[in-house]
Every structure is written in structure tokens, then in C-alpha cells.
Amino acid sequence: MTQPTDATPSPQANEPRRPRGRYRFQGGRPLDPDAGVHPEMVADQSAERVAAEIPNSPQELIAMQQNKPERPEKPERQQSAKVKEVLDLIEKLDTDAAEDQQIALAIVRHLESFHDDVVKEMQDDADAKHSQIVAWSIDADRLMRSRLLLESIDLD
């Protein structure tokens with residue numbers, strides 16, 4: 001069967017189709033998916049920068065690690081006089097492991113309750129910085145986990 005030559009195409013056939021998604025085709029040929037995209041958002045450029053630093057062999061990895069500059073060590077902070085006094089007294093004690101555990105637990109419990117109190121005060125303070133509340137809360141959580149670990153040690 002032959003189609004009539006004088007048939008008019010539907011109005012929808014003449015309208016350009018809107019591209020859907022990143023992968024577009026026009027006239028059966030793929031379009032550049034990065035056309036019209038801001039240069040910083042182009043995936044290929046950022047992938048090349050990242051891939052340039054990735055070694056391709058174990059030897060390249062070893063060479064890369066040897067060429068890295070050393071990180072400077074953190075300077076030691078001076079201990080406060082009270083901390084130094086407590087540590088000196090603890091070293092002079094004649095205690096067994098169970099007593100040492102109880103001393104450590106008492107210190108950690110005290111620090112934990114201090115951190116919890118600071119967090120409560122900061123939560124009630126409208127001028128407190130949220131980052132400080134988070135930092136003190138994280139420290140309180142670490143102290144709680146340290147206490148739980150110390151409590152779980154069976155010395156018998």
C-alpha cells in the first residue's frame with residue numbers, strides 16, 4: 001500500500017521534541033551532554049584532575065608516598081600544674097590493677113559529668129555557638145564510651 005503524498009503531517013510532528021535527561025539526540029546523532037553546562041560542572045574536567053593523581057602501579061604508589069613531604073608534628077603542650085601533680089601522685093601510689101581501674105573510672109566519670117554539665121549550660125544559653133555544643137557533646141560521648149570500656153574490663 002502506498003501512502004498519499006498530499007497528506008499533511010500532524011502539528012505535533014513539526015514541533016521540536018524537548019530533550020529529556022543528560023543524553024540527548026538530534027536527527028539520530030548524539031548531542032554533547034555538556035553543552036550549555038557551566039564549565040565547573042563538567043564531569044570530564046574534574047575526573048581528569050582526580051585521575052591524574054591516582055597511581056597506576058604499586059611502584060608509582062610507593063614513589064608517590066616517598067615524595068610526600070613529612071607532616072609536622074604537633075608541638076607538645078605543657079601540662080597544667082594540677083594535672084602534673086595528680087599524675088605524680090598516681091605514680092607514687094602502691095596500687096594493684098583493680099585499684100588503678102577504680103582511679104581511672106573516678107577520673108573519667110568526673111570528666112564525663114563536667115562535660116555533660118557544660119553541654120546543658122550551653123543549651124540553655126541563647127548566645128552559645130552550636131559548633132561548641134556539638135564539640136562538647138562529642139567529647140562527653142567519647143568519655144562515656146571510655147568509661148564503658150573501663151567498666152567492662154575484668155581484671156580477675
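At 41% relative accessibility, aspartate 117 counts as partly exposed, and in this predicted model the residue lies in helix 5, which spans residues 97–124. Aspartate 117 is one of the residues that gather in a patch of negative charge on the surface. The protein chain as a whole has 6 helices and 2 strands, and the points below move from that overall layout to the surface patches, the salt bridges and a few residues of helix 5 and helix 6.

**Overall layout**

- Read from the N terminus, the elements of the protein chain follow the order α-β-β-α-α-α-α-α, which accounts for the 6 helices and 2 strands of its secondary structure.
- The protein chain has 156 residues, and buried residues make up 10% of them.
- The protein chain exposes about 14,900 Å², and 53% of that area is supplied by carbon and sulfur atoms.
- When contacts are taken between residues at least 6 apart in sequence, 44% of them join residues that are at least 24 apart.

**Surface patches**

- The patch of negative charge on the surface is formed by Asp116, Asp117, Glu121, Asp124, Asp125 and Asp127; of these, aspartate 117 has its place in helix 5.
- Aspartate 117 has a relative accessibility of 41%, and because this value falls between the limits of 20% for buried and 50% for exposed, the residue counts as partly exposed.
- A nonpolar patch of about 220 Å² is also found on the surface, made by Val86, Ile107 and Leu111.
- Within that nonpolar patch, valine 86 comes from helix 4, which covers residues 81–92, and at 41% relative accessibility valine 86 counts as partly exposed.

**Salt bridges**

- A search of the whole structure finds 5 salt bridges, among them a pairing of the side chains of arginine 147 and glutamate 112, with a distance of 2.5 Å from N to O.
- That pair links distant parts of the chain, since arginine 147 belongs to helix 6 (residues 130–152) and glutamate 112 to helix 5, with their positions 35 residues apart in sequence.
- Both partners of this bridge are buried: arginine 147 has a relative accessible area of 17%, and glutamate 112 has a relative accessibility of 10%.
- Arginine 147 also meets glutamate 151 in a salt bridge, at 3.4 Å from N to O between the side chains; because these two residues are 4 apart in helix 6, they are separated by about one helical turn.
- Glutamate 151 counts as partly exposed at 36% relative accessibility, whereas arginine 147 is buried at 17%.
- Arg109, Glu112, Arg147 and Glu151 are linked in a network of salt bridges, and this network includes the bridge from arginine 147 to glutamate 112 as well as the bridge from arginine 147 to glutamate 151.
- In another salt bridge, the side chains of aspartate 141 and arginine 145 meet at 2.9 Å from N to O, and because they are 4 residues apart in helix 6, about one helical turn separates them.
- Aspartate 141 counts as partly exposed at 31% relative accessibility, while arginine 145 is exposed, with a relative accessible area of 54%.

**Contacts of helix 5 and helix 6**

- Arginine 147, placed in helix 6, is in contact with Leu105, Val108, Arg109 and Glu112 when its neighbours within four places in sequence are left aside.
- Alanine 104, which has its place in helix 5, is 43 residues from arginine 147 in sequence, yet the two lie 8.6 Å apart in space, C-alpha to C-alpha.
- Alanine 104 is partly exposed, with a relative accessible area of 25%, whereas arginine 147 is buried, with a relative accessible area of 17%.
- Glutamine 101 is also found in helix 5, and at 13% relative accessibility, which is under the limit of 20%, glutamine 101 counts as buried.
- Leaving aside its neighbours within four places in sequence, glutamine 101 is in contact with Leu150, Glu151, Ile153 and Leu155; of these contact partners, glutamate 151 is also joined to arginine 147 by a salt bridge.

Technical notes:
Residues are numbered from 1 along each chain as its sequence is written. This is a predicted model: local features need pLDDT of at least 70, side-chain atom pairs count only at pLDDT 80 or more; totals for chains, interfaces and linings use all residues. Side-chain values use heavy atoms; hydrogens and water are left out. Patches are made of residues with over 30% relative accessible area and no salt bridge: like charges are joined within 9 Å, nonpolar side chains (Val, Leu, Ile, Met, Phe, Trp, Tyr) within 5 Å. Accessible areas come from the Shrake-Rupley method with a 1.4 Å probe; for residues, only the protein chains shown count as cover. A salt bridge is a side-chain nitrogen of Lys or Arg within 4 Å of a carboxyl oxygen of Asp or Glu. Lys and Arg count as positive and Asp and Glu as negative; His and the chain ends are not counted. The place of a charge is taken as NZ of Lys, CZ of Arg, CG of Asp or CD of Glu. Buried means under 20% relative accessible area, exposed over 50%, partly exposed in between (1.4 Å probe, protein chains only). Contact means heavy atoms within 4.5 Å.
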